[in-house]
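Work through the exercises below with the sequence and the 3D view open. Try each task before you read its solution.

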Amino acid sequence: MYFRKSAIISVFVSLTLGLGMFGLIHFFLPSPGGAGYVVLSLDVSYEDRYIGELLGEGNWGNYISESTQWVFWDDFGEVVQISLESYGDRVESFDPRNDGYAGRLKSFFVHGGKRFFFIPLSSDFWGISQGKIEESLALCLEGIPFQVEFPGVSRPLWIYAVLFAAASVGMLLLSGVPWVGLNLLPLLAALSYPGPAGFALSAVLTALLRLLLQPLREFFISRHYTRIDRKTRFFKSQWGALLLFLVIYGAICYLGRFPVFLGAGGIFSFFLILGVSLWAESKGGAKIGHIRFVPIPISVPPPGADKFSRIMIPFALGSLGALFLPSLILGPGYAAEGKPPVSTEWQEYMINSEEYEAHAVFQASFSLRPLRTGGDNPENGEYLRYYRAEDGLIGDYSVVEDNRAQEIAPFPLDDLMNFLTRRKHIQTPVYTPGDLLSVFMVLFFCIPIFLSVGRKHSKKKRLLVYNDKRIAA
């Protein structure tokens with residue numbers, strides 16, 4: 001009965017901490033792609049300029065919206081740029097210079113009863129989570145209701161799930177403690193969710209499990225007796241390795257851009273789950289007056305790093321797989337059905353560079369065009385357009401249009417349109433050098449086990465515990 005209650009408590013603690021860490025990591029860690037755009041949408045009744053001023057006061061002034069855009073306009077003497085926002089007040093719908101481009105561009109930012117702002121995120125925002133970004137925007141907008149979407153790169157979760165399942169089976173087999181290992185799986189799953197750096201953190205925690213399992217197990221078992229003299233000597237012999245792995249854990253948290261409180265929460269959850277699991281294990285047999293038999297190895301553990309490098313292998317290889325397999329299996333991009341970032345009719349509002357160039361050429365050549373609705377076709381009674389070439393002769397104006405098309409400024413929304421066009425072909429995560437360093441850091445500690453393969457130990461190097469003269473008979 002005592003063991004059953006304590007086992008239920010340990011499972012509850014494990015699941016609670018694992019789910020809690022997963023929620024925090026999902027909310028506070030940034031998206032794996034880093035750079036991209038935040039799509040901010042509000043009711044159309046809010047003026048563009050007013051919302052822009054609020055965003056500017058909150059250091060989000062680098063946005064793209066209706067008020068930041070302009071269109072070309074033939075002012076009969078020169079081609080000028082006029083604000084898209086003031087286009088409707090300046091240009092009549094029947095004006096022959098109105099080529100429809102301004103209306104198309106406006107509908108991109110205002111449609112479906114909503115007004116849209118696109119906020120570019122540089123790679124500097126890798127360390128800022130989506131939750132923090134949304135919280136910052138809420139402070140800027142002062143209670144104005146809004147919606148925010150983060151289209152772009154997503155994690156290949158099914159690949160991570162397969163790697164985690166394989167790593168978990170390997171860890172359970174190598175640890176020899178299925179009860180404690182099973183209790184740690186929810187926490188390891190949460191840490192592995194971000195990708196390579198998360199798998200590397202899990203590898204470090206499995207090394208700490210191998211390092212601390214025996215002394216902590218003996219500590220909880222010895223509490224049923226009056227003498228606990230062995231734990232002090234054992235702990236003193238492990239302090240160096242314990243501190244080393246805590247430093248490595250902190251370094252991977254830094255390289256993987258884990259916030260400090262997430263890293264601290266992970267290591268705290270590990271120690272709590274390990275302690276509660278071993279406490280529950282020590283309760284076995286308490287009702288009958290003695291603890292159940294717990295096997296203790298009769299040989300001295302292998303010297304050096306061999307004692308913890310073996311158990312690190314599954315999650316260390318998992319981190320390596322999470323780093324390279326998504327690109328190898330899925331390629332540079334893979335189809336991912338999902339909710340469009342703003343509306344189901346989004347595609348019809350997209351503007352491409354060809355439309356922009358056609359608009360620029362039309363405005364640049366409007367003063368030389370005849371007032372007509374048909375094309376330049378002599379058979380329709382229209383006349384072709386000519387110009388005086390450098391040699392004084394008449395030249396074809398189509399050559400001038402081609403030259404003007406090459407002289408206009410690049411399409412200002414090209415990057416944004418390309419980004420939104422690719423949203424249904426989600427790119428595989430773009431990993432940072434920190435992910436790469438984290439992976440090879442844990443793989444480095446697996447080297448001793450590969451070097452020891454085939455190495456034969458003499459009997460003198462594997463002394464039996466009962467030959468140790470310091471142990472009382």
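**Exercise 1. Take stock of the chain.**
Task: State how many helices and strands the protein chain has, and what share of its residues count as buried.

Solution.
- Step 1. Note the kind of model: this one is predicted.
- Step 2. Count the elements. The protein chain holds 16 helices and ten strands.
- Step 3. Turn to burial. The chain has 473 residues, and 45% of them count as buried.
- Step 4. Look at contacts between residues at least 6 apart in sequence. Of these, 80% join residues at least 24 apart.

**Exercise 2. Draw the open sheet.**
Task: Give the order of the four strands in the open sheet. Then find which strands stand at the edges.

Solution.
- Step 1. Write the order: 4-5-1-6. The pairing is antiparallel.
- Step 2. Find the edges. Strand 4 (110–111) and strand 6 (147–149) each have a single partner strand, so one side of each has no neighbour in the sheet.
- Step 3. Join strand 1 (residues 36–43) to strand 5 (residues 114–121). Eight bridges link this antiparallel pair.
- Step 4. Place two partners in strand 5. Tyr37 is bridged to Pro120. Leu42 is bridged to Arg115.
- Step 5. Join strand 1 to strand 6. Three bridges do this, and the two strands run antiparallel. Ser41 stands opposite Gln147 in strand 6.
- Step 6. Add the helix. Helix 2 (residues 48–57) lies across strand 1 and strand 5, at about 30° to strand 5.

**Exercise 3. Buried or exposed?**
Task: Decide whether strand 1 is largely enclosed or left open by the rest of the structure.

Solution.
- Step 1. Count its buried residues. Strand 1 has eight residues, and seven of them are buried.
- Step 2. Conclude. Strand 1 is therefore largely enclosed by the rest of the structure.

**Exercise 4. Describe a helix pair.**
Task: Describe how helix 7 and helix 10 cross, and list the residues that meet.

Solution.
- Step 1. Recall what is needed. Two packed helices are described by the angle and the distance between their axes.
- Step 2. Read both values. The axes of helix 7 (residues 178–192) and helix 10 (residues 260–282) come within 9 Å and cross at roughly 150°.
- Step 3. Classify the angle. Angles over 145 degrees count as roughly antiparallel, so helix 7 is roughly antiparallel to helix 10.
- Step 4. Give the hand. The crossing of helix 7 and helix 10 is right-handed.
- Step 5. List the contact. Helix 7 brings Trp179, Val180, Asn183, Leu184 and Leu187. They meet Gly266, Ser269, Phe270, Ile273, Leu274, Ser277, Leu278, Ala280 and Glu281 of helix 10.
- Step 6. Sort these residues. Nine are nonpolar, four are polar and one is charged.

**Exercise 5. Examine two positive phi values.**
Task: Locate Asn59 and Arg257, and state how accessible each one is.

Solution.
- Step 1. Recall the background. Most residues other than glycine have a negative phi.
- Step 2. Take Asn59. Its phi is near 65°, a positive value. Asn59 sits in the loop between helix 2 and strand 2 (70–74). Its relative accessible area is 74%, so Asn59 is exposed.
- Step 3. Take Arg257. Its phi is near 60°, also positive. Arg257 lies in the loop between helix 9 (230–255) and helix 10. Its relative accessibility is 41%, so Arg257 counts as partly exposed.

Technical notes:
Residues are numbered from 1 along each chain as its sequence is written. This is a predicted model: local features need pLDDT of at least 70, side-chain atom pairs count only at pLDDT 80 or more; totals for chains, interfaces and linings use all residues. Side-chain values use heavy atoms; hydrogens and water are left out. Axes are lines fitted to C-alpha atoms, for helices over the stretch in contact, and angles run from 0 to 180 degrees between N-to-C directions. Angles under 35 degrees count as roughly parallel, over 145 as roughly antiparallel, 65 to 115 as roughly perpendicular and the rest as oblique. A crossing is left-handed if the near helix is turned anticlockwise from the far one by less than a right angle, and right-handed if clockwise. Contact means heavy atoms within 4.5 Å. Ala, Val, Leu, Ile, Met, Phe, Trp, Tyr, Cys and Pro count as nonpolar, Asp, Glu, Lys and Arg as charged, and the others, Gly among them, as polar. Two strands pair if DSSP finds at least two bridges between them. Buried means under 20% relative accessible area, exposed over 50%, partly exposed in between (1.4 Å probe, protein chains only).
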